[in-house]
Amino acid sequence: MTAPCPPPPPDPQFVLRGTQSPVHALHFCEGAQAQGCPLLFSGSQSGLVHVWSLQTRRAVTTLDGHGGQCVTWLQTLPQGRQLLSQGRDLKLCLWDLAEGRSAVVDSVCLESVGFCRSSILAGGQPRWMLAVPGKGSDEVQILEMPSKTSVCALKPKADAKLGMPMCLRLWQADCSSRPLLLAGYEDGSVVLWDVSEQKMCSRIACHEEPVMDLDFDSQKARGISGSAGKALAVWSLDGQQALQVRGTHELTNPGIAEVTIRPDRKILATAGWDHRIRVFHWRTMQPLAVLAFHSAAVQCVAFTADGLLAAGSKDQRISLWSLYPRA
Amino acid sequence: MSCQQAEPGLAGAAARRPPGGAVGQLLPGGPGGPSLPGVDGDHRGCCGPQLPADEDGAAAGQIPARGPAGSADGGAVSAADAARLHPAPGDAAGQGGGPARSPGQPPAAGELGRVLPPELLPPARRRGRPGAAGSCGLSPRWPGFLRVLRVSGPRESLCPREAAPEVLSRLLGNLVVKNKKAQFVMTRKLLFLQSRLTTPMLQSLLGHLAMDSQRRPLLLQVLKELLETWGSSSAIRHTPLPQQRHVSKAVLICLAHLGEPELRDSRDELLASMMAGVKCRLDSSLPPVRRLGMIVAEVVSARIHPEGPPLKFQYEEDELSLELLALASPQPAGDGASEAGTSLVPATAEPPAETPAEIVDGGVPQAQLAGSDSDLDSDDEFVPYDMSGDRELKSSKAPAYVRDCVEALTTSEDIERWEAALRALEGLVYRSPTATREVSVELAKVLLHLEEKTCVVGFAGLRQRALVAVTVTDPAPVADYLTSQFYALNYSLRQRMDILDVLTLAAQELSRPGCLGRTPQPGSPSPNTPCLPEAAVCQPGSAVASDWRVVVEERIRSKTRRLSKGGPRQGPAGSPSRFSSVAGHFFFPLLQRFDRPLVTFDLLGEDQLVLGRLAHTLGALMCLAVNTTVAVAMGKALLEFVWALRFHVDAYVRQGLLSAISSVLLSVPAARLLEDLTDELLEARSWLADVAEKDPDEDCRTLALRALLLLQRLKNRLLPPASP
């Protein structure tokens, strides 16, 4: 609309094939943590975690720890070379990858069979916090790691009827030390929990379908959530820790599997069930690109700090894109 | 109005131009303007006494001494000159301008000088330059009309806004009304017998007729005659395209000059000739003729019936159509072409002026939106990519097998599945040739009868590509089926033409070198000798044959010492043309029944468009059958076909026939041509010579000339010129 002739959408910079099963989780490991060789972890439906080198664009190693069950979530810890992987075998594994090792050093048993991905809150300290879907169908459990002691279980009131938690995001405001949890629920609402008081601070019903994923920009105190429906919702958090819907963005096709804001908070990407990756300007929510490359639903998107975008799809491919690279 | 281009033959005329133009320039007041009664009076005065002398047949040479300008021209129209004007291309006014000067002219110029006050004379004359002395600009003989037309056109050096018709009127006065010969020249000869008048000249001429109330009935008369010619079917068939364009332009210019009340009286007459013309033109198989018909019909009907619903055709806008439509924009009678010129300017200038405004409009809210977000990092500018491809995702129900596709296309009530099947078909056919061969004819049948159930983007292309894929995969049976259906009863012309297109495209695909690469084949690295194609394609044992070849090649390679560096050079790998074995299936059935009309399909009658396509298709198939053994038989049959139709009235058919002859000459080996097709070639040659000389259609002439050149080359090769 603004330019008379917009440029055609770009092609992926490169494509990683070889997972031989649908890709469900992606995570970048880069910077000092990667010690000079940036890696991409991908979790597949066959239960394998592939470790890709972004330099050689080949799989370096394959981690098999979920007994053939789908890997739904991957996260590295800031200290050491440790990787967390969550699988549908109701296990959360902690891998030690330092010095070429690839062994499960610890694991947490989950009690929820839902699709909810876990979340961590880890600074530089050895102790970190983990949020996992809990025992009851609507519970979220907070654990202190690595001791695996349960801090609390966040259970909504009986009449809340939120349904299962679908996505979790633990975070901490810069100015305070109180950990907070944002959770999206099956009924389409996003809830802010104060972890230490085990209290539901705020709740907004911003979707009509289950919330599939959310991401939060703690600097701007704004977040975005995607659902199984046709809309993206942008909401913000005010000083009284109350959520407010700032707007919704209508999509062409329903279904968002994952929403990720780029670390520099300039743009965000969504993984669509409609085989497309959508890129938006985070501040204005102006649509910037619709990347149609995959031939099946896109399940996950991830960004590196320098702007590389990776998307994993049910068509067993991982596409990597360089959009609006950082100067 | 463009400025006049200088023609070489008019060097003299160019030198003589200034007076005419200068008069126009110096007299901005228009004809009979109060400022210069003397000049007008001079013209009229000269014209009056002149005329009787003309009609008495007075010698033209004697007249000019009495007066300048138009009066002298009036006396000059003689039969001999008319013959010279006859539109043998290229002569035009160039010749006429040069020799026509008579010794009587300088005095005439002098007279003009005497009549005009010195300040009104062109600068050159005021300075007394000798070359300009004789530049009165008008010879006493008839080609002066042409020259006057040119002279009166505006030129760069003069005021560009000069109204050409005014100048012409100033020069000629009402001569057209008074002198029958002048009338003949201006209303018939220049309009109907000449096609080399440029558009500005036409505008000058017709504008001149429109300027005076005495002359306007003449303009109406001209319009009627023009439209009559325009609507005559024989004229359409036998006049070359430039002439038709010329007449169309003249019609449009006339219409632009004539007002509603004048047209009303002869509305029926005009309408009748227009309708006849539109019918004939839309029947034509040449797109430019059709388009001329559409444009003129739109304009004429809009002018004759302004109150009725507008006639609107769909045609692509190109330079010509825009020019024609611009000509048709009505202009007030006295205002001339300069008005049209100015009215054009805003029309073209507007869109660019608007677009930036829109951009600004579209851009502002977004900028505000971004600014309102109270963020400081507004320096980042992300240019959005094209998002036009972001459409609703259709649930993927694409069939995975060819048989599923057939089933989906025939029985499926589910539109989405039907569309998905159509989209998937081409790829499936190429991917699974064996499965396709089992159902090939059935599939071709389904596709041929397929109708567009819903609005599917690119339906025609999808269907055609699928049909081509089926034909390529299983050529002989499908080609047999398609060619038999071409002459079957219950098909539309569109389907018949689709059959022809599919056959051509499939033949092209089959004959393309490297086409075999699609099907898995044991590698045959040796460049095949072209004399073995059939054997390699048809024999099932060919795989074995190429196997031993590989072994032998390997053995030779291992025992050969190569002194040069670098790997053995590989030319483009040759492969047998798959078309050669099936060319007959494509070709001969199409030739069999063209002269047997059906109730629904009469190739030799009104379905000449299909006949033209058939001729082109046969030519293309012939061309693609180069190097095949069946080419000689094909060539013979094709030449017979051409011979039977050589006097066809439709230019498109003739074009097809001519290109077919060329393809025969190209595809059949020269020796066989001479041996087996001598008679046919000799016959064709005389016809070609005839067409190259006399055909009204320019493309036909060109094609015939090309074929003749090919024949000539063939003759030179077979019988070297040194032999006698």
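This is a short walk through a predicted model, from its largest pocket to its salt bridges and a nonpolar surface patch.

Start with the largest pocket. Its space comes to about 1,400 Å³. The lining counts 43 residues. Closest to the centre are A:His27, A:Gln75, A:Arg169, A:Asp215 and A:Ile261. Strands of chain A supply much of the framework to look for here. Those giving two or more residues to the lining are E2 (23-29), E6 (71-76), E10 (119-121), E14 (165-172), E18 (211-217), E22 (256-261) and E26 (298-303). E14(A) contributes the most, with 6 residues. By class, the lining divides into 22 nonpolar, 11 polar and 10 charged residues.

Now turn to charge pairs. Side chains of opposite charge can pair when their charged atoms come close. Over all chains, the structure holds 38 salt bridges.

Take A:Arg101 and A:Asp96. They form a salt bridge, with the closest N and O atoms 2.9 Å apart. A:Asp96 is buried, at a relative accessible area of 15%. A:Arg101 is partly exposed, at 40%.

A second pair joins A:Asp187 and A:Arg203, again in a salt bridge, at 2.9 Å from N to O. A:Asp187 sits in the loop between strand E15 (179-185) and strand E16 (189-194) of chain A, while A:Arg203 belongs to strand E17 (residues 199-205) of chain A, so the pair ties together parts that are 16 residues apart in sequence. A:Asp187 is partly exposed, with 26% relative accessibility. A:Arg203 is partly exposed too, with a relative accessible area of 35%.

The third pair is A:Asp217 with A:Lys220. Their closest N and O atoms lie 3.9 Å apart, and they form a salt bridge. A:Asp217 counts as buried because its relative accessibility is 3%, and the cut-off for buried is under 20%. A:Lys220 is partly exposed, with a relative accessible area of 22%.

Chain B offers a network of salt bridges. It links B:Arg463, B:Arg494, B:Asp498, B:Asp501 and B:Arg613.

Finish on the surface of chain B. There, B:Trp548, B:Val552 and B:Ile556 make a nonpolar patch of about 300 Å². To find B:Ile556, go to helix H28 (residues 542-559) of chain B.

How values were computed
Residues are numbered from 1 along each chain as its sequence is written. Chains are lettered from A and ligands numbered from 1 in the order in which they are written. This is a predicted model: local features need pLDDT of at least 70, side-chain atom pairs count only at pLDDT 80 or more; totals for chains, interfaces and linings use all residues. Side-chain values use heavy atoms; hydrogens and water are left out. On a 1 Å grid over the protein atoms alone, a cavity is a set of points where a 1.4 Å probe fits but cannot get out, and a pocket is an open set with protein on both sides within 12 Å along at least five of seven lines; lining residues have an atom within 4 Å of a point. Grid points are joined across faces, edges and corners, and a volume is the space filled by probe spheres set on the points. Helices (H or I, at least four residues) and strands (E, at least two) are DSSP runs, numbered from the N terminus. Ala, Val, Leu, Ile, Met, Phe, Trp, Tyr, Cys and Pro count as nonpolar, Asp, Glu, Lys and Arg as charged, and the others, Gly among them, as polar. Patches are made of residues with over 30% relative accessible area and no salt bridge: like charges are joined within 9 Å, nonpolar side chains (Val, Leu, Ile, Met, Phe, Trp, Tyr) within 5 Å. Accessible areas come from the Shrake-Rupley method with a 1.4 Å probe; for residues, only the protein chains shown count as cover. A salt bridge is a side-chain nitrogen of Lys or Arg within 4 Å of a carboxyl oxygen of Asp or Glu. Buried means under 20% relative accessible area, exposed over 50%, partly exposed in between (1.4 Å probe, protein chains only).
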